[in-house]
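I opened this entry to record what I looked up. My notes follow the order in which I checked things.

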Amino acid sequence: MATKFLTDRVAVVSASSKGIGFAIAKRLGADGASVVVSSRKSKNVEEAVEALRVEGINAAGVTAHVGIKEDRKKLIEFAIDRFGKLDILVSNAAVNPHFGDIMSISDSQWDKMLNINVQSSLQLTQEAVPHLEASGRGNIVLVSSIAGYAPLDGLGAYSIMKSTLIGLNKALSQSLARRNIRVNAIAPGIIRTDFSRALYINEVDHENWLRTIPLNRLGEADECADVVAFLVSDEASYITGETIGVNGGMQARI
């Protein structure tokens, strides 16, 4: 029987009804954690919870829009009410309402991206920290992107937000180390999910991406989840403030 490294731990994963978020929730649950999934849509939450429970995972879910203060509070309180504590927070929510030259972005698009892609990670962390500190082994993982290292074509604004998350990861790791809370991030490359589908659905675009990826294939959400599971485990107990690329070898450094 495989060792369950996260037995007796409780994890909250935001935006986790599909894609990378769901894969992370599933992997943490498979490793023994009780998991709370969330989404803005109740139907998506219900389907995700059911899918996890079928796998034998102790899962619960709640509708939450991380861009709304009351919902962030509700998400963390739900985890505490349901499972009694919180050990792991994975901030995964992201939006991209603008594609094209950054000079064409509207104020409302910029504000929405800043709110969901950056501010919500800080503010959700602020809600969670008292409980993570009480756990004595708190862990936070932010989901950034390879776009945070160099702007991808047409994704200038999104790239800025993801670059800011890399900086936030560094700042939070230094601030929270004294509370025995580790903070790390992952920077996925081109991962085969609905969220990034527009980047590779066209055959020409797909082939162009493959030319930039030494492993010559797109990534899978489960491969991101594997790295998160390592980062929140005791196997990574001396790692904090790091951003781990999950990108098949694409160039990714500032």
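I take helices (H or I, at least four residues) and strands (E, at least two) as DSSP runs, numbered from the N terminus. I note that the model is predicted.

**Overall**

I began with the whole chain. The protein has 8 helices and 7 strands. I then looked up its radius of gyration, which is 17 Å. The globule rule gives 18 Å for 254 residues, so the protein is as compact as a globular protein of that length. Along the principal axes, the C-alpha trace spans about 50 × 45 × 40 Å. Of the 254 residues, 50% count as buried. The exposed area is about 12100 Å², and carbon and sulfur atoms supply 50% of it. I also looked at sequence separation in the contacts. Among contacts between residues at least 6 apart in sequence, 72% join residues at least 24 apart.

**Strand β1 and its partners**

Next I went to β1, residues 10–13. Which way do its side chains point? Val10 and Val12 point one way, Ala11 and Val13 the other. In a regular strand the side chains alternate between the two faces of the sheet. I found Val10, Ala11, Val12 and Val13 all buried.

I then traced the pairing. β1 and β2 (residues 34–39) run parallel, joined by 4 bridges. Val12 has Val36 as its bridge partner in β2. Between these strands the chain passes through helix α1 (residues 19–30), and this β-α-β crossover is right-handed.

β1 is also joined to β4 (residues 88–91), by 3 bridges and again in parallel. There Val12 stands opposite Leu89. I marked Val12 as a residue to display with both Val36 and Leu89.

**From β2 to β3**

I followed the chain onward. β2 pairs with β3 (residues 59–63) over 5 bridges, in the parallel sense. Val35 stands opposite Ala59 in β3. The chain crosses from β2 through α2 to β3, and this β-α-β crossover is right-handed.

**Val45**

I stopped at Val45 in helix α2, which covers residues 42–54. Is Val45 buried or exposed? Its relative accessibility is 6%, so Val45 counts as buried. The cut-off for buried is under 20%. I listed what Val45 touches, leaving out residues up to four places away in sequence. The list is Ser17, Val37, Ser38, Ser39, Gly61, Val62 and Thr63. Val37, Ser38 and Ser39 fall within β2. Gly61, Val62 and Thr63 fall within β3. I also checked Ser16, which is 29 residues from Val45 along the chain. Their C-alpha atoms are separated by 8.1 Å.

**Asn184**

Asn184 was my next stop, in strand β6. Because its relative accessibility is 1%, Asn184 counts as buried. What lies by its side chain? A polar atom of that side chain is 3.1 Å from the backbone oxygen of Ile239. I then took its contacts, leaving aside neighbours within four places in sequence. Among them are Ile140, Val141 and Leu142, which fall within β5 (138–143). Asn184 is also in contact with Asn169, Leu231, Ile239, Thr240, Gly241 and Glu242.

**Ile191**

I moved on to Ile191, in the loop between β6 (181–188) and α6 (197–200). Ile191 is in a loop, yet its relative accessible area is 4%, so Ile191 is buried. Ile191 and Gly19 are 172 residues apart in sequence. Their C-alpha atoms are 9.1 Å apart in space.

**Helix α8**

Which residues of α8 (residues 221–231) are buried? I noted Ala221, Cys224, Ala225, Val227, Val228, Ala229 and Leu231. I then looked for their cover, which includes α1, β4, β5, β6 and β7 (243–246). Leu231 in this helix also appears in the contact list of Asn184.

**Positive phi**

Last, I looked at backbone angles. Asp8 is not a glycine, but its phi is positive, about 75 degrees. Asp8 sits in the segment before β1. At 55% relative accessibility, Asp8 counts as exposed. Asn216 also has a positive phi, near 60 degrees, and is a residue other than glycine. I placed Asn216 in the loop between α7 (203–212) and α8.

Note on methods. Residues numbered from 1 in each chain as written. Predicted model: local features only at pLDDT ≥ 70, side-chain atom pairs only at ≥ 80, totals over all residues. Heavy atoms only, no water. Buried < 20%, exposed > 50% of the residue type's maximum accessible area, 1.4 Å probe, protein only. Pairing = 2+ DSSP bridges. Right-handed = clockwise from strand over helix to strand, strands pointing away. Contact = heavy atoms within 4.5 Å. Polar contact = N/O pair within 3.5 Å; in protein donor to acceptor, adjacent residues only side chain to side chain. Rg over C-alpha atoms; globule rule 2.2 N^0.38 Å. Areas by Shrake-Rupley, 256 points an atom, 1.4 Å probe, with all protein chains shown as cover.
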